[in-house]
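This report describes the strand pairing, the helix packing and the aromatic contacts of one structure. Please read it alongside the sequence and the model shown here.

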Amino acid sequence: MNAPHHASPAALRIRLDDLSDPRIATFLQEHLADMRRISPPESVHALDLDGLRHPEIRFWSAWVDTPEGDHLAGTAALKRLDAGHAELKSMRTAAALRGQGIAARMLAHVLEAARTAGHTRISLETGSQPFFAPARALYARHGFEDCAPFGSYTLDPASHFMTRAL
């Protein structure tokens, strides 16, 4: 199925997902392949399907309608680190739909879900390479600031850490 060339913001449907749709598996395999292509092996922190199925993780998918049916536009996950702190995971927008505001809508959705769950802080790890510059800019526009490694992360020149209060 070909990706739509433009996704109307009104047409984007975000849903809490159980990861059972095979299109999500393919999408996440592409995500992991990109991360492995760009980052050194010890710096790839993206989760596979099994990693995303842990009880402390909530996963959302975003869909747009096309003449051929619905199309997976993006994903995001929230991992509970403790009662007040959560980590943003698995943010990805379909390549054909980048630059249309889908990531911003997904991020706003996850931030609201984190607030509703009682979290007071959300942090993330992304790459430091130029490929990740658009993601870092998106996070900065949404109030994230650079921070030290958190949770089980350690200093890594290929990782960039960001956080924000909710």
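## Strand pairing

Two strands are taken to pair if DSSP finds at least two bridges between them. The model discussed here is a predicted one. By that criterion, β3 pairs with strand β4 (residues 85–93) in the antiparallel sense over 6 bridges, and within this pairing Arg80 stands opposite Ala86 in β4. The connection from β3 to β4 is a hairpin of 4 residues.

On β3 there is also a pairing with β2: strand β2 (residues 57–66) and strand β3 (residues 69–80) run antiparallel and are joined by 10 bridges, with a hairpin that passes from β2 to β3 through 2 residues. Trp60 has Ala76 in β3 as its bridge partner, and Trp60 in β2 also stands opposite Leu16. The pairing of β1 with β2 is antiparallel as well and comprises 4 bridges.

## The sheet as a whole

Taken together, 7 strands form an open sheet with mixed pairing, in the order β1-β2-β3-β4-β5-β7-β6. Its edge strands are β1 (13–16) and β6 (145–146), each of which pairs on one side only.

## Helices across the sheet

Helix α1 (residues 22–38) lies across β2, β3 and β4, and its direction makes an angle of about 65° with β3. Helix α3 (residues 102–116) lies across β1, β2, β3, β4, β5 (121–127) and β7 (159–165), running at about 40° to β3.

## Aromatic pairs

A pair of aromatic rings is described by the distance of the centres and the angle of the planes. The structure holds 5 aromatic pairs. One of them is formed by Phe150 and Tyr153, whose ring centres are 5.0 Å apart and whose planes meet at 65°, so this pair is edge-to-face, given that planes over 60 degrees apart are classed in that way. Ring pairs also bring in Phe161, linking Phe150, Tyr153 and Phe161 into a cluster.

Are Phe150 and Tyr153 buried or exposed? Phe150 has 7% relative accessibility and therefore counts as buried, and Tyr153, at 13% relative accessibility, counts as buried too; the limit for this class is under 20%.

## Arginines over rings

Two arginine contacts with phenylalanine rings can be added to this picture. The charged end of Arg37 sits over the ring of Phe131, 6.0 Å from its centre, while Arg92 lies over the face of Phe27, at 5.7 Å from the ring centre.

Methods:
Residues are numbered from 1 along each chain as its sequence is written. This is a predicted model: local features need pLDDT of at least 70, side-chain atom pairs count only at pLDDT 80 or more; totals for chains, interfaces and linings use all residues. Side-chain values use heavy atoms; hydrogens and water are left out. Rings of Phe, Tyr and Trp (its six-membered ring) pair if their centres lie within 6.5 Å; planes under 30 degrees apart count as stacked, over 60 as edge-to-face and the rest as tilted. Buried means under 20% relative accessible area, exposed over 50%, partly exposed in between (1.4 Å probe, protein chains only). A charge sits over a ring if NZ of Lys or CZ of Arg is within 6 Å of the ring centre and within 35 degrees of the ring normal. Contact means heavy atoms within 4.5 Å. Axes are lines fitted to C-alpha atoms, for helices over the stretch in contact, and angles run from 0 to 180 degrees between N-to-C directions.
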